[in-house]
Amino acid sequence: MEKKEILLVLQAIFREVLDDENIVLSEETVSNDIEGWDSLTHIQIIVAIEQHFKIKFTSKEILSWKNIDEMLHSICEKKV
Amino acid sequence: MLVFNDLKKNLKKDLSKLKKLRLAFLGDTATQFIAQAIKGMGVEYHLDIDLFEADFNQIDRQIFDPGSELYHFDPEVVLIFESSHKLLQKYNKTAPDTRRQFAESTILSVREKVSVLQERTKSKIIFCNYTEEDDRAFGQYANKVAASFIFQLRKLNFLLQESAVQTTNLYICDLSAIQNTIGRERFWSASIYTHTEMVVSIDALPDFALSVVRIVQSFQGQLKKCLILDLDNTVWGGVIGDDGIENIQIGQLGIGKVFTEFQYWIKKLQQRGIIIAVCSKNTASIAKEPFEKHPDMVLKLSDIAVFIADWDNKADNIRKIQQVLNIGFDSMVFLDDNPFERSIVRENIPQITVPELPEDPALYLDYLYGLNLFETISYSNEDSQRTQQYQKEAERLVFQESFTNESDFLQGLDMRSDTKSFDSFTVPRIAQLSQRSNQFNLRTVRYTEDDIKRIAQSDKYLTLSFTLEDKFGDNGLICAVILEKQDEKSLFIDTWFMSCRVLKRGMESYVLNAIVDLAKKNGFTTLLGEYIATPKNEIVKDHYKSLGFQPKGDLWKLDIDQYERNSNYILKK
């Protein structure tokens, strides 16, 4: 799966979890850019990503991401 | 089943029309998601839950500090969630030679918390039991080692049950049952726990929330009271009219055992007080034949309160059943294997619960267990006699049809009432009625057994309870009145509720006469009554007016000296 496609899936997940249809993600997006993306909703987003891609993140990974690009990276690694 | 995000979205809805409820939530882990899920699930069940969430790991401080936020909040319900993971951490730190007493010492601290809460509040307490987590330190041999963690955890759950039996206001939220159903893999996520201190996974939140809301709902008297059954392919396999009594499927063989086990389940519901009715498209005599003659039938005609088998529309027949039972449609459940009948009933009577039974009868029971429709918060011996009472009610209706004049009918019933103050024998039943009565209930203030005991002993109150029996049988205790002494002259009718089984028998008049007699005897001259409207008690809206009370502000007033006794046909027993 292309990184771009994954980004669109991520965007859909963010929109669903945060209940906001106007969210637009880019690789540089960080949590401060998105209203409602806090430590609590982050957990929901992670679980939704795990379920969608049928993957599991390690607790280390969950803590390490600084922006969307790094999340994409972790997902790509597992989906190859 | 709803997912957590659906529940979160519920919180954005307009909650202004929902019933409000104050719930305090104390946990020893990060509970934000659970709190959101409970609020969101509340919305599904028409509750606006005002939820006070204590800060992380503050259970003891909130309970033992009399000035804590918990007591300021003044909750109606306190939910306590101590997780088994924290329990394991505590156990890990104990000295090995004390571990045999781990459950005992933990239950002592639970009981202490519960008793302090009971002293300081009138809240109902819901305590979550412990989901099983096995450290496998002893392997399966742990079952033979009293000091092992799993041994102590299971013992603790058992001790919690015992405490709940002994403590009226303590209820258990059966988290352990949820984990047993959905599996530990879905209930718990180690990676999320590690950096959030959350011990319940997002997938398990709706189940947890539903369990809590179901208990809260039952506190409010929203209970299922009646199960209406179709017969062919629901209670037995096959069609009695076509296949004949020898060929219907029931018993130990093949698919038959599914129906036998299903009938045992219904029998247990009946034995604990759920009213069982039959609504079947059949010729009555043919439909009754298996109940009378088939050796493998678990259900007998004596278990069925109302039996309707004819060729009329099922929605109309369910309305007839409702008339005999005189309970709300929302307290009824209808089981039918036929999707067409289900949808007719659902469309015509939207309040009734109509489960989508699976096509395969083998799956009926697991599906119904999963729905967990029959919560309750009380159980008394009287519950098990309810079927008989409703069968009598059906006989009464037939008897009534033989009279054209209502007073002739009432006189012919030969009614007697045992009328007295609350005593230790009547307290449990009065508390139960206080929880269950929705329609004939003037103020709908719910009292627990402890409350009723306190009121019975207090000199601030006068109390009356009433039974009613007639030529067809004894209805048992059907009405209670609590009179609060406001000053030397006036009594306020704090509580007046009555079972709807005895409506239209002149009981209201008899009760008012008894109240007036008691008031006079104690030197009071004025009675004050109040009607507080709920979605369900419309039938008593004009209660005080029709009994001769005069409006006084929002209240109703009766001058005892001017009172002319209302006539009725009930004699004091």
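## Close-up views of two sheets and two helix pairs in chain B

**View 1. Strands β3 and β4 of chain B, side by side in a predicted model.** B:Leu79 stands opposite B:Ile126, a residue of β4(B). The structure shown here, as in every view that follows, is a predicted model. Strand β3 of chain B, which covers residues 77–81, is joined to β4(B) by 4 bridges, and the two strands run parallel.

**View 2. From strand β4 to strand β5 of chain B by way of a helix.** Strand β4 (residues 124–128) and strand β5 (residues 170–173), both of chain B, pair in the parallel sense, and 4 bridges link them. To pass from β4(B) to β5(B), the chain goes through helix α7 of chain B, residues 149–166, and the β-α-β crossover that results is right-handed. Within this pair of strands, B:Phe127 has B:Ile172 of β5(B) standing opposite.

**View 3. The five-stranded sheet of chain B.** Here the strands of the first two views can be placed in their wider setting, an open sheet of 5 strands of chain B in the order β2-β1-β3-β4-β5, with parallel pairing. The edges are occupied by β2 (47–53) and β5 of chain B, and because each of them has a single partner strand, one side of each is left without a neighbour in the sheet. From one strand to the next, the twist averages 25°.

**View 4. The four-stranded sheet of chain B and the helix that packs on it.** In chain B, 4 strands form an open sheet, in which the order is β8-β7-β6-β9 and the pairing is parallel. Its edge strands are β8 (306–310) and β9 (332–335) of chain B, each of which pairs on one side only. The twist of this sheet averages 15° from one strand to the next. Helix α15(B) packs on the sheet and touches β6, β7, β8 and β9 of chain B, while the direction of the helix makes about 155° with that of β7(B). Which residue of β7(B) is the bridge partner of B:Ile228? The partner is B:Ala277, and the strands concerned, β6 (residues 226–229) and β7 (residues 275–281) of chain B, pair in the parallel sense over 4 bridges.

**View 5. Helices α15 and α16 of chain B where they cross.** The axes of helix α15 (residues 314–325) and helix α16 (residues 339–348) of chain B come within 8 Å and cross at roughly 60°, and α15(B) and α16(B) are therefore oblique to each other. The crossing in which α15(B) passes α16(B) is right-handed. On the side of α15(B), the residues that meet the other helix are B:Lys314, B:Ala315, B:Ile318 and B:Arg319, and their counterparts in α16(B) are B:Glu341, B:Ile344, B:Val345 and B:Asn348. Sorted by class, this contact of α15(B) with α16(B) has 4 nonpolar, 1 polar and 3 charged residues.

**View 6. Helices α18 and α19 of chain B where they cross.** Helix α18 (residues 386–401) and helix α19 (residues 406–413) of chain B have axes that come within 10 Å and cross at roughly 135°. The helices α18(B) and α19(B) are therefore oblique to each other, and α18(B) passes α19(B) in a right-handed crossing. B:Arg396, B:Phe399 and B:Gln400 of α18(B) make the contact together with B:Phe409, B:Gly412 and B:Leu413 of α19(B). In this contact of α18(B) with α19(B), the residues divide into 3 nonpolar, 2 polar and 1 charged.

Key. Residues are numbered from 1 along each chain as its sequence is written. Chains are lettered from A and ligands numbered from 1 in the order in which they are written. This is a predicted model: local features need pLDDT of at least 70, side-chain atom pairs count only at pLDDT 80 or more; totals for chains, interfaces and linings use all residues. Side-chain values use heavy atoms; hydrogens and water are left out. Two strands pair if DSSP finds at least two bridges between them. A crossover is right-handed if, with the strands pointing away from the viewer, the path from the first strand over the helix to the second runs clockwise. Axes are lines fitted to C-alpha atoms, for helices over the stretch in contact, and angles run from 0 to 180 degrees between N-to-C directions. Angles under 35 degrees count as roughly parallel, over 145 as roughly antiparallel, 65 to 115 as roughly perpendicular and the rest as oblique. A crossing is left-handed if the near helix is turned anticlockwise from the far one by less than a right angle, and right-handed if clockwise. Contact means heavy atoms within 4.5 Å. Ala, Val, Leu, Ile, Met, Phe, Trp, Tyr, Cys and Pro count as nonpolar, Asp, Glu, Lys and Arg as charged, and the others, Gly among them, as polar.
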